[in-house]
Each structure stands twice: as structure tokens, then as C-alpha cells.
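Here are a few exercises to work through with the structure open beside you. Try each task before reading its solution.

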Amino acid sequence: MSATPDSTSPAIELVGIEKAYGQAPAVRHLDLTIAQGEFFSLLGPSGCGKTTTLRMMAGFEFPDAGSIRLDGHDVTEVPAHRRQVNLVFQKYELFPHMTVRRNVGYGLKVRRVPRAEIDDRVDEMLETVGVGAFADRRADQLSGGQQQRVALARALVNRPRALLLDEPLSALDVKLRKRMQLELKSIQERLGTTFVYVTHDQEEALLMSDRIGIMNDGRLLQVGTPREIYGTPADPFVADFVGELNAFEVEVRKVGGRVSGVVDGSPVDVPSSASTGKRWRIAVRPERMEVGPAGRKDALHGRVTELNYLGHTLQYSVETAVGELVVRAGAGDVEREPGSAVSIWWAADAVIDLGEATP
Ligand SMILES: Nc1ncnc2c1ncn2[C@@H]1O[C@H](COP(=O)(O)OP(=O)(O)OP(=O)(O)O)[C@@H](O)[C@H]1O
Ligand SMILES: [Mg+2]
């Protein structure tokens, strides 16, 4: 029953895709290859072109230039109903008065699949997504989370080669959303179906994806594993959009024979690309910064302006020579009250390179 890839080609390939609405470009020269069985997320701010990209993969929208291949076959001109992909929307669009079973079996019935086969496939899929117990209930008698599962079953029962999901969890409350994220991921792993998942929620993308593509203003800025995207962002926009960031400028100088960034009289590590005599922009994530007693050598010095207790972490705001920095420490650490003088430091590999500072 799983959608075993029958092809050694990538599941989805977009080559040089361009799409404009009137004069306004929505997607600009986009190249992307998604592997068989991959959980791939498109992440970016509102209006960056995620839905447009997904709708072109589905065949509901056609590119102005470029080509699209599914399982190695060119489908650029092929309409949605003749592509082996299914799209799940944010609004589930179930038939409210039909039972769950009939909702899920509807597409197979339209395609004149034999009755016995429909029953088997529907039952199996209802179990897979965890709504077997509600099979005979009407769709409008289900909670939001249950309806989302039914919508998922209705798409997966067609055994699509790829499932495209456009912000499918955004209507759910935070707790249910978190549970559905883990469940969706585990369903995807069990079935082995390629998932392309659109979201503007960075935590969701980091949690669920094998790889993430970050979009902004119609462009794909970086594609990588969650670790790569978070740890080595390729670009200031990516660095800032995914996770929190303390970004600041340092003066690059030779200190004791080593190229260092100098702030507040102290040397700090800089990326190997930084050259002496320049000003460089670097960034460090809040959880990679350490906070300790004042007076430490080779550290930034500052004063705590705020301390917030977040349950599992302590979050400090610290006023320093490079501006206000956010630092997170374990909740078991010594608490440093507002007003305390502190030192801040970090490991060399915590430094994110944002390139030469523009004057
Ligand atoms: N049918 C349309 N006609 C005209 N412009 C459109 C159409 N659909 C999208 N656009 C424009 O194309 C750009 C990309 O839209 P798209 O829906 O792909 O963004 P998105 O990344 O999915 O955003 P969101 O996170 O808000 O859903 C936007 O500027 C949008 O206004
Ligand atoms: Mg959208």
C-alpha cells in the first residue's frame, strides 16, 4: 500500500521556473530538486511565493518559463487531474453532510474504482491517520484536528506519488498543532510518500523536515537540512528569519598574530573570510552565548537589563558596547539579576558570517 518509488528519478524537479501575475513577479528563476520519499518544506514570509510554487507543482498554475518534472517526466503543460500529486489545503473542504468514510472514498468512486477495493483502501487509510473510530460520523461532527486527519486520508487514499500540503495545520490551536506535526511526520515516514509542506512557521519546518527551502520575494535563498539552515545560514535574510539572532559589527584586526574581531577592546573570533582592516558583520544565536561574572578576559562586557524565566531557560537582555544582546542559559544556572555586571562569550564555531559591513 505504500507509495514505493518506482523510479530512480527525483520526485519533483523545478528548473528555471518564473511566474508573474500581470507585471508582478511571484516566483523568480527557481531551481529545486526534491528526492523520492523526502519531507521537504518551503518556508518564508507571507507573499514570498510559497503557494504559487506549490500550485505549479500540482498543476493548478502554470509557469511563464522553465520546466517541471515529476518522477523524471516533463509535466510542465499537464493539468492537475492528470498529475499523480495531491494537494491538501488549509481549509479542509470536506463534504459536511457526508460520513467520514464517504468523504475519503469519494475520489476513488468518481474514478470508478470497484466498491470492495474502495472499502479496503478507505478503512486502511482511516486507521493510518487515526480516525477509524469516526468512520461513520458526519464530517461536520468532527473537531478541527479530526477533520484535518480526514482531509489527509482523502488525499493519501489516492496513493499520490507526492503530497503537497499548504499550511495544513494553521487553523488548529497550538497544542493540537504540535501533536499533528509529529503525527504527520510519522505518517509520512510510514508511507514513504514524498511530502512538500508549505509553512511560514520556522519551528514547524525545523521539526518536521528532511530539508527546508527558504524563500523570500519569489526567490529560493537556501536549501538545506534543518541543521544547515539554522547553523550555517547562507545569507543574512535566512539567518534572521530562522531562529533568533544577535547580529553586530566588529573591527577586523591582527591581535597577537591572529585575525580577530575587536569589540569593546576585546578580541572575538571572526569567520576565516574576514580580512584585516575591514568592519565585519557577525551573529551569534542566543543559546550559543554564555553569560558569567564580570571581568572575564576576551569577552564582551555588559549589564543585565532584563531577566525572564521561560520554564526550561533563563533569558537575559544585556546592554553591551555592540547594543542589546539576548542570551539564553539553562534554568539551573546562577541567576544574574537586572543591574548585574556580566561577561558574555561564545565558542568560535558559534559565529555566523554575515559578510563585510557596508559603511
Ligand atoms: N491569483 C493571483 N493574482 C495576482 N497575484 C497573485 C495571485 N496569487 C498570488 N499572487 C501574488 O503573488 C505573490 C506570491 O503569493 P503566494 O500566494 O505564492 O505567497 P505565499 O508565500 O503563499 O504567502 P502566504 O504565506 O501569505 O500564504 C504575492 O505578492 C501575491 O499577492
Ligand atoms: Mg500561501
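A residue counts as buried if 20 or more other C-beta atoms lie within 10 Å of its own. Keep in mind that this is a predicted model.

**Exercise 1.** Work out what share of the protein is buried.

*Solution.* Start with the chain length: the protein has 359 residues. Apply the cut-off to each, and 38% of them come out as buried. For the fold around them, count eight helices and 20 strands. Then check the extent: the C-alpha trace spans about 80 × 45 × 35 Å along its principal axes.

**Exercise 2.** Find which residues surround ligand 1, and sort them by class.

*Solution.* Go along the sequence first: the shell includes Tyr21, Ala26 and Gly44, then Ser46 to Thr52, and finally His200. Next, sort by class: three are nonpolar, seven polar and one charged. Last, ask which element gives the largest share; helix H1 (residues 50-58) does, with three residues.

**Exercise 3.** Describe how helix H2 (residues 100-110) is packed.

*Solution.* Pick out the buried residues of H2: Val100, Arg101, Asn103, Val104, Gly105 and Leu108. Now look at what covers them, which includes helix H3 (115-128) and helix H4 (144-156). After H2 comes Arg112, with a positive phi near 60°.

**Exercise 4.** Decide where to be careful with the model's pLDDT.

*Solution.* Overall, the mean pLDDT is 92, and 98% of residues reach 70 or more. Then turn to residues 1-5, where pLDDT stays under 50. The model does have twelve contacts for them beyond four places in sequence. Still, where pLDDT is low, the predicted coordinates shouldn't be read in detail.

Note on methods. Residues numbered from 1 in each chain as written. Chains lettered and ligands numbered in written order. Predicted model: local features only at pLDDT ≥ 70, side-chain atom pairs only at ≥ 80, totals over all residues. Near = placed C-beta within 6 Å. Helix = DSSP H or I, 4+ residues; strand = E, 2+ residues; numbered from the N terminus. Nonpolar A, V, L, I, M, F, W, Y, C, P; charged D, E, K, R; others polar. Buried ≥ 20, exposed ≤ 12 C-beta atoms within 10 Å, placed from the backbone. Contact = placed C-beta atoms within 7 Å. pLDDT = per-residue confidence, 0-100.
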